[in-house]
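The following report describes the fold, the salt bridges, the surface patches and some backbone features of one protein model. The sequence and the structure are shown first.

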Amino acid sequence: MRFLVALPLLLLQFLTLYGQTSLNEIGLDKGQYNIGFRHYTSSDSTRTYSRIYDYSNQKTARPIPISLWYPASQKDEKMSPLQVLDYLQILKEEEEWEYLPNEQILNWFYYANTPANQAHLIEESNAYSNLEMAKGKYPVIVYAPSFQASSVENFALCEYLASQGFIVIASPGRGTDTRWFGNNIEKEIETQARDVEFLIKEAVKLPNSDHSKIAVMGFSFGGLSNVIAQMRNDNIKAIVSLDGTERYQYALLQKSPFFDLNKLDVPYLHMAQKDIPVKVLQEDNIDPALNSNFELYDSLTKNKAYQLKFQNLTHSYFSTLGVLFEKRDARQDKSDSEIMNSYKWLSIYTLNFLKAYLINDAAALAFIESHPDELGIKAGLLTYKSKGQESTVFTFQDFNDLAAAQHYEKLLDLYEKSLRKHPLLILPEGNLNTLGLQLVFNPNTSNQGINVLNLATQLYPNSANLFDSLGEAHLYIGNHKKAIADFKKSLDLNPQNQNAIDRLKTLTQ
């Protein structure tokens, strides 16, 4: 039975209209998949752990609470989505206060018990509990939370990625021996890195996970552990850092026995908070170098790296719970609408970076390589830097020369191999379409042209025009069965495609 916060209807309406954040107002566009969610606890038998509030000497295998978001199959229309309160009940469990009454959650954990925050508790998310996972194979994102934080702290971003075809798995930030971190922070970084590695193994067990496409994503302290985890795990193919502490605590990373900058050789995206005002620097005794220094990024030489600075976000607002519940700092925080809009763009950049480097999406790579001005992003919202691997220009013509040399066989393998060496490679849809048809209509190279068009439809699976061209190619060589399938696919994507309509009438008479 769900606990409902008793708020008068007029108060709810007032809060919605005036100056309150909400999940809906963040405005993240849900992807093509329903979103399933599961929460369960596994254990790492190689480590021991004590529940701090049991006041006992008893030790157990280290418990690993796991939150899992994933692309899901069709939901029952009678099902209700998770509420924010459902996520905060997971926070209770992870804080080892399982039996705390729900009405005490805001009093007990971090956030002010205000009418606005109470209203958030009954907001509906986009996820549904325990839906069946959609068929297919999906890339895996392992999420490491901020300092001693919950696995669900960024649930809106995790839901968004799941709706777009990613499996996201997370566990809380727990200390080496108990719920709380100890004084040896280097040791706690190692502990969280081991938790990340445990989650990778857990994800590999999922029948629908693509083991070859794994990335790590972390907020704040989670950025430190993710860097160490990647340095010793070749199966981690990309890093997303949400104002990760590796920017501010580079010296801590260097103390790790596993630190090796040469091994940080995968695409890296760091998104940082705004410049901290002088007043706040002085009052909070913060080193002004925090606004400008980023020694790790400056030291990178082996990979493609991106650095964004969101000028409307302070540190707390790189998490969903921060956007919704955190008390605003009048000295520096922007308006709720500016915070929500920036969190939306943070999520969009995360999605495009992961699509670019985990699934070789050409459009996503073009997005992540573009200056914000070119994307229509409002001036002043963020600053953008990128570095690495720009010196080698590898064009469509270069790719075509290699493809022709191998008679246009095994083109997908060639593309993936080329992309690993040249991450900026883009094979434009129009070029592939033209090349494919040129080859098809030459009787000596028709099958080679079909190979080109097959590659094109794999890279651009939503292009009605490419499937129409593939239909023409199969029709040209007399394979009517495949031509019919291609024209039907083209019509599915564009019901107004008159050429496909006419061809199907002829072919199915």
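Helices (H or I, at least four residues) and strands (E, at least two) are DSSP runs, numbered from the N terminus. By this assignment, the protein has 21 helices and 10 strands. The radius of gyration of the protein, taken over C-alpha atoms, is 25 Å, close to the 23 Å that the globule rule gives for 509 residues, so the protein is as compact as a globular protein of that length. The globule rule is 2.2 Å times the number of residues to the power 0.38. Along the principal axes, the C-alpha atoms fill a box of roughly 80 × 50 × 50 Å.

The model is predicted: local features need pLDDT of at least 70 and side-chain atom pairs count only at pLDDT 80 or more, while totals for chains, interfaces and linings use all residues. Residues are numbered from 1 along each chain as its sequence is written, and side-chain values use heavy atoms, with hydrogens and water left out.

**Burial**

A residue is buried under 20% relative accessible area, exposed over 50%, and partly exposed in between (1.4 Å probe, protein chains only). The areas come from the Shrake-Rupley method with a 1.4 Å probe, and for residues only the protein chains shown count as cover. Of the 509 residues in the protein, 55% are buried. One buried residue is Pro139, at 7% relative accessibility, which lies in strand 4 (residues 138-144). From Pro139 to Glu295 the separation is 156 residues in sequence and 30 Å in space, C-alpha to C-alpha.

**Salt bridges**

Side chains of opposite charge can pair when their charged atoms come close. A salt bridge is counted where a side-chain nitrogen of Lys or Arg is within 4 Å of a carboxyl oxygen of Asp or Glu. The structure holds 20 salt bridges, including the three in the table.

| Acidic residue | Basic residue | N to O distance |
|---|---|---|
| Glu197 | Arg232 | 2.6 Å |
| Asp210 | Lys213 | 3.8 Å |
| Glu369 | Lys304 | 3.4 Å |

The side chains of Glu197 and Arg232 meet in a salt bridge. Glu197 belongs to helix 7 (residues 185-204) and Arg232 to the loop between helix 8 (221-231) and strand 7, so this pair ties together parts that are 35 residues apart in sequence. Glu197 is buried at 16% relative accessibility, whereas Arg232 is partly exposed at 23%.

In the pair of Asp210 and Lys213, Asp210 is buried, with a relative accessible area of 17%. Its partner Lys213 is partly exposed, at 27%.

Glu369 forms a salt bridge with Lys304. Glu369 lies in helix 14 (residues 362-369) and Lys304 in the loop between helix 11 (295-299) and strand 9 (305-310), so the pair ties together parts that are 65 residues apart in sequence. Glu369 is partly exposed at 25% relative accessibility, and Lys304 is buried at 2%. Elsewhere, Asp44, Arg47, Arg62 and Asp195 are joined into one network by salt bridges that share partners.

**Surface patches**

Patches are made of residues with over 30% relative accessible area and no salt bridge; like charges are joined within 9 Å, and nonpolar side chains (Val, Leu, Ile, Met, Phe, Trp, Tyr) within 5 Å. Lys and Arg count as positive and Asp and Glu as negative, while His and the chain ends are not counted. The place of a charge is taken as NZ of Lys, CZ of Arg, CG of Asp or CD of Glu.

Lys237, Lys417, Arg420 and Lys421 form a positive surface patch. Helix 16 (residues 411-421) supplies the largest share of this patch, 3 residues. Lys237 lies in strand 7 (residues 236-242) and is partly exposed at 35% relative accessibility.

A nonpolar surface patch of about 280 Å² is made by Phe441, Tyr476 and Ile477. Within this patch, Tyr476 is found in helix 19 (residues 464-476) and is partly exposed, with a relative accessible area of 40%.

**Positive phi values**

Most residues other than glycine have a negative phi. Asn285, however, has a positive phi near 55°. Asn285 is located in the loop between helix 10 (278-283) and helix 11 and is exposed at 71% relative accessibility. Lys410, also not a glycine, has a positive phi of about 50°. The loop between helix 15 (396-405) and helix 16 contains Lys410, which is exposed at 65% relative accessibility.
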